Amino acid sequence: MLSGLAVVVFALGLAAGSLGGARMREQLEQAHGRCVVYTYFEDQGMGDGPAVDVWREVWSKAGWDPKVLTQNDAAKHPRYNEMVDRFMTYPTSNPAGYELACYLRYLAMAEAGGGFMT
């Protein structure tokens, strides 16, 4: 049902700059008492777009405030260009766009201030 999406839940404590904890608290307050849960999605032509909608609906019904991060969020990270250049040198058997997205999700999470990602 959620093919192509990473469904591993973990807490990511990395943040861009020293305001990560403050950003996370601010996000929780803005969510009106609902904890924020993130996922990262870039359409790689595998037909997973509808699965993201299901992900959002399921987490919302479970009482969370679901947010979908994208490459636009990762691009706000101060080391984005440096990291993209580095990631593109890594060997892979996957399509380059998919492989890049696997790394960029962590930059997007750091820029968001950390939190729970599925």
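## A strand covered on both faces

Let's start in the middle of things, with strand S2, residues 36-40, in this predicted model. Which residues of S2 are buried on each side? On one side they are Val-36, Tyr-38 and Tyr-40, and on the other they are Val-37 and Thr-39, so both faces of the strand are covered. It helps to know that in a regular strand the side chains alternate between the two faces of the sheet. Five of the five residues of S2 are buried, and therefore the strand is largely enclosed by the rest of the structure.

## Neighbours of S2

Strand S2 has partners, too. It pairs with strand S3, residues 65-69, in the parallel sense over five bridges. You can find one of these links by looking for Thr-39, whose bridge partner in S3 is Val-68. S2 also pairs with strand S4, residues 115-117, again in the parallel sense, over two bridges. Here, Val-37 of S2 has Phe-116 of S4 as its bridge partner.

Now take a look at Asp-65, which lies in strand S3. Is Asp-65 buried or exposed? Its relative accessibility is 18%, and buried means under 20%, so Asp-65 counts as buried. The side chain of Asp-65 makes a polar contact with the side chain of Lys-67, at 3.4 Å.

## The whole protein

Let's step back for a moment. The secondary structure comes to five helices and four strands. Following the sequence from one end to the other, you meet them in the pattern β-α-β-α-β-α-α-α-β. Of the 118 residues in the protein, 34% are buried.

How do parts of the chain come together? Among contacts between residues at least 6 apart in sequence, 76% join residues at least 24 apart. As for the outside, the protein exposes about 7,100 Å², and carbon and sulfur atoms supply 56% of that area.

## Helix H4 and its two sides

Helix H4 spans residues 80-87, and its buried residues are Tyr-80, Met-83, Val-84 and Phe-87. Why do these four lie on the same side of H4? They do so because they cover an arc of only 100° around the axis. The face turned away from this buried side carries Asn-81 and Asp-85, which are exposed.

What covers the buried residues of H4? The cover includes helix H3 (71-74) and helix H5 (96-112).

## Aromatic pairs

How many aromatic pairs does a search of the whole structure find? The search finds five. One of them joins Trp-64 and Phe-116: the ring centres are 5.7 Å apart and the planes are at 85°. Planes over 60 degrees apart count as edge-to-face, so this pair belongs to that class. Trp-64 lies in the loop between helix H2 (49-61) and S3, while Phe-116 is in strand S4, so the pair ties together parts that are 52 residues apart in sequence. Trp-64 counts as partly exposed, because its relative accessibility is 22%. Phe-116 also counts as partly exposed, at 38% relative accessibility.

Phe-87 and Tyr-103 form another aromatic pair, and this one is stacked, with 4.7 Å from centre to centre and 15° between the planes. Phe-87 sits in helix H4 and Tyr-103 in helix H5, 16 residues apart, and the pair links these distant parts of the chain. Phe-87 is buried, with a relative accessible area of 11%, whereas Tyr-103 is partly exposed, with 27%. Ring pairs also build a cluster, which links Trp-59, Trp-64 and Phe-116.

## A last stop in helix H5

Arg-105 is found in helix H5. At 21% relative accessibility, Arg-105 counts as partly exposed. The side chain of Arg-105 makes a polar contact with the side chain of Tyr-106, at 3.2 Å.

Arg-105 also brings us back to the strand where we began. Along the chain, Arg-105 and Tyr-38 are 67 residues apart, and their C-alpha atoms are separated by 9.9 Å. Tyr-38, you may recall, is one of the buried residues of S2.

Terms used:
Residues numbered from 1 in each chain as written. Predicted model: local features only at pLDDT ≥ 70, side-chain atom pairs only at ≥ 80, totals over all residues. Heavy atoms only, no water. Buried < 20%, exposed > 50% of the residue type's maximum accessible area, 1.4 Å probe, protein only. Arc of directions from axis to C-beta. Contact = heavy atoms within 4.5 Å. Pairing = 2+ DSSP bridges. Phe/Tyr/Trp six-rings, centres within 6.5 Å; stacked < 30°, edge-to-face > 60°. Areas by Shrake-Rupley, 256 points an atom, 1.4 Å probe, with all protein chains shown as cover. Polar contact = N/O pair within 3.5 Å; in protein donor to acceptor, adjacent residues only side chain to side chain.
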